[in-house]
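Visitor: Hey, can you walk me through this protein? I'm new to this, so plain words please.

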Amino acid sequence: MYDIFIYPYLPKSPTATGDAGYIIEYDPRAADETISSTSSSTSHSSAKYSTPSLLSLLKRYILRSKVRVRDVTSEWDLWAVWNSRPGSYLSGGHGEQPVPRELDQKPDTWRWGRSGAVEPVFLPTETLKSSEEEERHARAWVLGEHDETIEASGDRKPLWLVDRRAPGMGARVLLPKGLKPARDEDVLPSSRYTLHRILLGVPEGVEDMPAQETFPMDANMDMMGGIDFRKGCYVGQELTVRTYHTGVIRKRVFPVQVLPSTGAGETSLPILTPQTPIHAAWTIQSTPETPRPRPRGPGKLLSSTPEGYALALLRLEVFQAAEQGEMDLSIQNTNKGDEESGEASTLKVVAKRPEWWPAQLGDT
C-alpha cells in the first residue's frame, strides 16, 4: 500500500509544452531495499514482501490504454505550508492575514461503520463556498511573496491542495524546481514538518505504513478521508469493505510522547527506532473477581522526532486502559554504546487522543 496525493495538472496555456494529466506524489522509499531499517530518519521496503516502485506498478496496468507515465521528480519541488504562528506573515505585499478558513476546516460530521471505521463528511453548503476574493486570499497565503514570480515562471502552473487529513495540516504545494512559497526566514527543515504532523496524529510514508504490511483503517486512513467504501474496484477492496461492514477495528495510530522513566537520571532521549515493540503493564492488582490478562501485542513505535514525539500503532483496549490510568506503556531502548554490555534503558510512553478526532474514537 502506498499513501499518495494526486494533483490535477493543466499546462499554463494551450501552446505550452506537456499534456494535461495528473501528478502523483508518493514516498519512493517503499521500494528502496538499500535503506537501513534501523534509521529513524529513513525507512525501508518490507522485510517480508518485495515492493515494486510506483512507476513500474502503474505501467503494469496501462496495457493498451493511451496513457503515458513518467518520473517528473527533477521538475518539481514539494512544500508543506501551515500556520505555525497565528497571523504569521506569509503573503508578501498582502499584509497580515488570517489563515484561510478551508485550511483549518474541521469535518462537519462523521459517518460511522459497524466496525468502528469512520469517515469525515464536509457538507457542501452555501456557507462553505469560497468567493473569488477568498480564493485569491487562499492562494496568496499558500504561495506567499513569490506568487507573481511563480505564476510568471515557465510553462508550469503552481499546484496546491488543502491537506484535509487533519485540521491544521495546511496545504501541500508543488512548485517548479528551484522556487519556494515563502520568505527565507519562514522556511523550516523537514524535521519540523514531521513534528507538525506527528502532533496532529497524521501517519505518512513507509515508517508509519510499511508497504504490504499495513491495513488502511489501522493507519487512520478512513478518518483522514483516504478511503471510499462505496467505490471500486481496487486491490484489497473486498477485505477493506468486509471489515467496514462486519469486522472490528482493533488498532489505531496514536501520537505519543516518549519520556525517560522516573528516577532514571536521563537528560536526553536516545534515537528511537521504528518498529520498536511497546510493552504494557497493569497498574492495578489482578483479582479472581477482576482478572487482568497479560496484554497481547500492545503495539509498536513508528516515526519519531529527536524531541521524543512519535506515532505508535496501539491496540484500542491498551490505549483505553492507559488513558484511564490502569496500564503503563514503555519501550526498551538499547543504544549502540550499550549493545556490548546488554543494558537497555526503559522509556515511558504516553499516548494521547488528538483533539480533532470524533469523541468515540479510541474507545473499545
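Guide: Sure, let's start with a pair of strands. β10 is joined to strand β11 (residues 309–315) by four bridges, and the two run antiparallel. Keep in mind that this is a predicted model.

Visitor: Okay, and how many residues sit between β10 and β11 in the hairpin?

Guide: Four residues lie between them. One residue in that turn, glycine 308, has a positive phi of about 95°.

Visitor: Which residue stands opposite alanine 312?

Guide: That's leucine 301, with alanine 312 facing it from β11.

Visitor: What does β10 pair with on top of that?

Guide: Strand β9 (residues 277–282) pairs with β10 too, antiparallel over two bridges. In that pairing, proline 277 stands opposite lysine 300 of β10.

Visitor: So is β10 largely enclosed or out in the open?

Guide: Largely enclosed by the rest of the structure, because five of the six residues of β10 (residues 299–304) are buried.

Visitor: Let's switch to helices. Which residues of α4 are buried?

Guide: In helix α4 (residues 190–199) they are Tyr193, Leu195, His196, Arg197 and Ile198.

Visitor: And what covers them?

Guide: The cover for the buried residues of α4 includes our two strands β10 and β11, along with β3 (76–81), β7 (171–176), α5 (205–208) and β8 (251–260). Just past the end of α4, glycine 201 has a positive phi of about 75°.

Visitor: You listed Arg197. Which side chain does arginine 197 have a polar contact with?

Guide: With the side chain of aspartate 208, at 2.9 Å. Aspartate 208 belongs to helix α5.

Visitor: Is aspartate 208 buried or exposed?

Guide: Buried, because its relative accessible area is 3%, and buried means under 20%.

Visitor: What else is around aspartate 208?

Guide: Leaving out residues up to four places away in sequence, aspartate 208 touches Arg197, Val202, Pro203, Leu302, Ser303 and Leu311. There's also a backbone link: the nitrogen of glutamate 204 is 2.9 Å from a polar atom of the aspartate 208 side chain.

Visitor: Now salt bridges. How many does the structure hold?

Guide: It holds 14 of them. In one, the side chains of aspartate 77 and lysine 177 meet at 2.9 Å, N to O. Aspartate 77 is in strand β3 and lysine 177 is in the loop between β7 and α4, so this pair ties together parts that are 100 residues apart in sequence.

Visitor: Why would those side chains pair up at all?

Guide: Side chains of opposite charge can pair when their charged atoms come close.

Visitor: How exposed is lysine 177?

Guide: Partly exposed, with a relative accessible area of 47%.

Visitor: Which residues are linked in a network of salt bridges?

Guide: Glu25, Asp163, Arg165, Arg172 and Glu204. Within that group, the side chains of arginine 165 and aspartate 163 meet at 2.7 Å, N to O. Arginine 165 is buried, with a relative accessible area of 8%, and aspartate 163 is buried as well, at 2%.

Visitor: What about a salt bridge in helix α6? Where are its two residues?

Guide: Glutamate 238 and arginine 242 both lie in α6 (residues 237–246), four residues apart, which is about one turn of the helix. Their side chains meet in a salt bridge at 3.4 Å, N to O. Glutamate 238 is exposed, with a relative accessible area of 64%, while arginine 242 is partly exposed at 42%.

Visitor: New topic: the surface. Which residues make the nonpolar patch?

Guide: Ile4, Ile6, Tyr22, Ile24 and Leu58 make a nonpolar surface patch of about 450 Å². Tyrosine 22 is found in strand β2 (residues 21–25) and is exposed, with a relative accessible area of 62%.

Visitor: Last one: how does the whole chain look in numbers?

Guide: The chain has seven helices and 13 strands, and 42% of its 364 residues count as buried. About 20500 Å² of the chain is exposed, and carbon and sulfur atoms supply 52% of that. Among contacts with a separation of 6 or more, 67% are between residues 24 or more positions apart.

Conventions:
Residues numbered from 1 in each chain as written. Predicted model: local features only at pLDDT ≥ 70, side-chain atom pairs only at ≥ 80, totals over all residues. Heavy atoms only, no water. Patch = residues over 30% accessible without salt bridge, like charges linked within 9 Å, V, L, I, M, F, W, Y side chains within 5 Å. Areas by Shrake-Rupley, 256 points an atom, 1.4 Å probe, with all protein chains shown as cover. Salt bridge = Lys/Arg side-chain N within 4 Å of Asp/Glu carboxyl O. Buried < 20%, exposed > 50% of the residue type's maximum accessible area, 1.4 Å probe, protein only. Pairing = 2+ DSSP bridges. Contact = heavy atoms within 4.5 Å. Polar contact = N/O pair within 3.5 Å; in protein donor to acceptor, adjacent residues only side chain to side chain.
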